[in-house]
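Biologist: I am new to this structure. Please teach me how to read it, one feature at a time.

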Amino acid sequence: MSPDPTILETPLLPGLVLQNPVMSASGTYGAGLEGNQFGEVRQLGALVTKTVTPRPRAGNPPPRIHETSGGMLNSIGLENPGVERFLAEDLRRALELGPPIILNVAGESFDEFASVVERVQGCGAAALEVNLSCPNVQGGALPFATDAEACESLVTRLSAISDLPLFVKLTPNVSRITEIAQAAEAGGAQGLTLINTLLGMAVDWRRRVSRIGLGPAGYSGPSIKPVALRCVYQVRQVTRLPILGVGGASSAEDVLEFLVAGANAVQVGTASFRDPLAALHILRDLEILLTEDGSTVRQVTGTLRLPSELHTR
């Protein structure tokens, strides 16, 4: 059964209206090509690609993935074939799948970010997701995801050269994510993605070694959902930009929690490692829950009230 557009239709920006709010998360689903071997990914609201950089990256040394009791750690290191090969091969095929493609891009400096954003203009993607959430340096340290001034400067430069909408992906590993979100908006971001992975670590005490090659790694999965919900809610209080929520969503109930907290659409990531069709199963259940509730995606989005507000006269 195809999703009912009257229930699931999801407006993000003028000219970018999704058939539903469920999409893949960057780094967990390739460009959608592998997932399409298991089910019809054309049903999803959008596909978000793995990060692409100006030049090929081999990624970090192994071990690079470790499963934990509440999720997983990864230290892939943005391994990718580089923008030229990605555009010629993966993206070309991904565009044939049907859903809008949101192309995730990154660099290690102002110039690298600018070069990759400029190169992908007119590539067929519906929007760009700018990955600020990995350490980036130029002439010292310019932490684009953790310093408001650096974030605004970078996004200002990118928005000046991009005809594609920019969704800036932020890290939760900051003291005030609202300040970074406002800086991205001031720089010209047209949307935000919240959140990238938390920093975590796993240790093999018997061997006295880290279970990840570089030690600290990105922590994802169901256990980070409360953090992601908090970030979405707090950022929704300071901006009206569309928000793509991500972090631990593994059920339709989770997606609805993100929508109520203020997200406009929700990315499914780590759950797809367990079940390549997780996002499609979530989409099916989402329509059932909304139908039972007698509501639509538009009607539930951003409706969260605090108990203290309910008792205020």
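Modeller: We will go through a sheet, a surface patch, some buried residues and the salt bridges. Keep in mind that this is a predicted model.

Biologist: Let us start with the sheet. How do strands hold on to each other in general, and what is the strand order here?

Modeller: Strands of a sheet pair through backbone hydrogen bonds, in a parallel or an antiparallel way. Here, four strands form an open sheet in the order 5-6-14-11, and the pairing is antiparallel.

Biologist: Which strands stand at the edges?

Modeller: Strand 5 (65–68) and strand 11 (198–200) do. Each has a single partner strand, so one side of each lacks a neighbour in the sheet. From one strand to the next, the twist averages 35 degrees.

Biologist: Walk me across it. What joins strand 5 to strand 6?

Modeller: A hairpin does, through two residues. Four bridges also join strand 5 to strand 6 (residues 71–74). Look for Glu 67: Met 72 in strand 6 stands opposite.

Biologist: And how many bridges pair strand 6 with strand 14?

Modeller: Three, in the antiparallel sense. There, Leu 73 has Tyr 219 of strand 14 as its bridge partner. Strand 14 (residues 217–220) is joined to strand 11 by three bridges as well. Ala 217 in strand 14 faces Gly 200 across that pairing.

Biologist: Now the surface. Which residues make the nonpolar patch?

Modeller: Met 201, Val 203 and Trp 205 make it, with an area of about 360 Å². To place it, find Val 203 in strand 12 (residues 203–204).

Biologist: Next, burial. Is Ala 145 buried or exposed?

Modeller: Buried means under 20% relative accessible area. Ala 145 has 5%, so it counts as buried. Its place is the loop between strand 8 (127–131) and helix 4 (148–161).

Biologist: What does Ala 145 touch?

Modeller: Leaving out residues up to four places away in sequence, Ala 145 touches Leu 132, Ser 133, Thr 171, Val 174 and Ile 180. Compare sequence with space, too. Ala 145 and Ala 181 are 36 residues apart in sequence, and their C-alpha atoms are 9.4 Å apart.

Biologist: Where does Thr 296 lie?

Modeller: In the loop between helix 9 (278–293) and helix 10 (297–300). Thr 296 is buried, at 16% relative accessible area. Beyond its neighbours within four places in sequence, Thr 296 is in contact with Thr 6, Ile 7 and Leu 290.

Biologist: Last topic: salt bridges. What should I look for, and how many are there?

Modeller: Look for a side-chain nitrogen of Lys or Arg within 4 Å of a carboxyl oxygen of Asp or Glu. The count comes to 13 salt bridges. One of them joins Glu 9 and Arg 298, at 2.8 Å from N to O. Glu 9 is in the loop between helix 1 (5–8) and strand 1 (10–13) and Arg 298 is in helix 10, so the pair ties together parts 289 residues apart in sequence. Glu 9 is partly exposed, at 32%.

Biologist: Which residue pairs with Glu 112?

Modeller: Arg 55, with the closest N and O atoms 2.5 Å apart. Glu 112 is in helix 3 (residues 110–119), and Arg 55 is in the loop between strand 4 (47–48) and strand 5, 57 residues apart. Glu 112 is buried at 14% relative accessible area, whereas Arg 55 is exposed at 53%.

Biologist: Which residues are joined into one network?

Modeller: Lys 225, Asp 254 and Glu 257, through salt bridges that share partners.

Definitions and conventions: Residues numbered from 1 in each chain as written. Predicted model: local features only at pLDDT ≥ 70, side-chain atom pairs only at ≥ 80, totals over all residues. Heavy atoms only, no water. Pairing = 2+ DSSP bridges. Axes fitted to C-alpha atoms, helices over the stretch in contact; angles between N-to-C directions. Patch = residues over 30% accessible without salt bridge, like charges linked within 9 Å, V, L, I, M, F, W, Y side chains within 5 Å. Areas by Shrake-Rupley, 256 points an atom, 1.4 Å probe, with all protein chains shown as cover. Buried < 20%, exposed > 50% of the residue type's maximum accessible area, 1.4 Å probe, protein only. Contact = heavy atoms within 4.5 Å.
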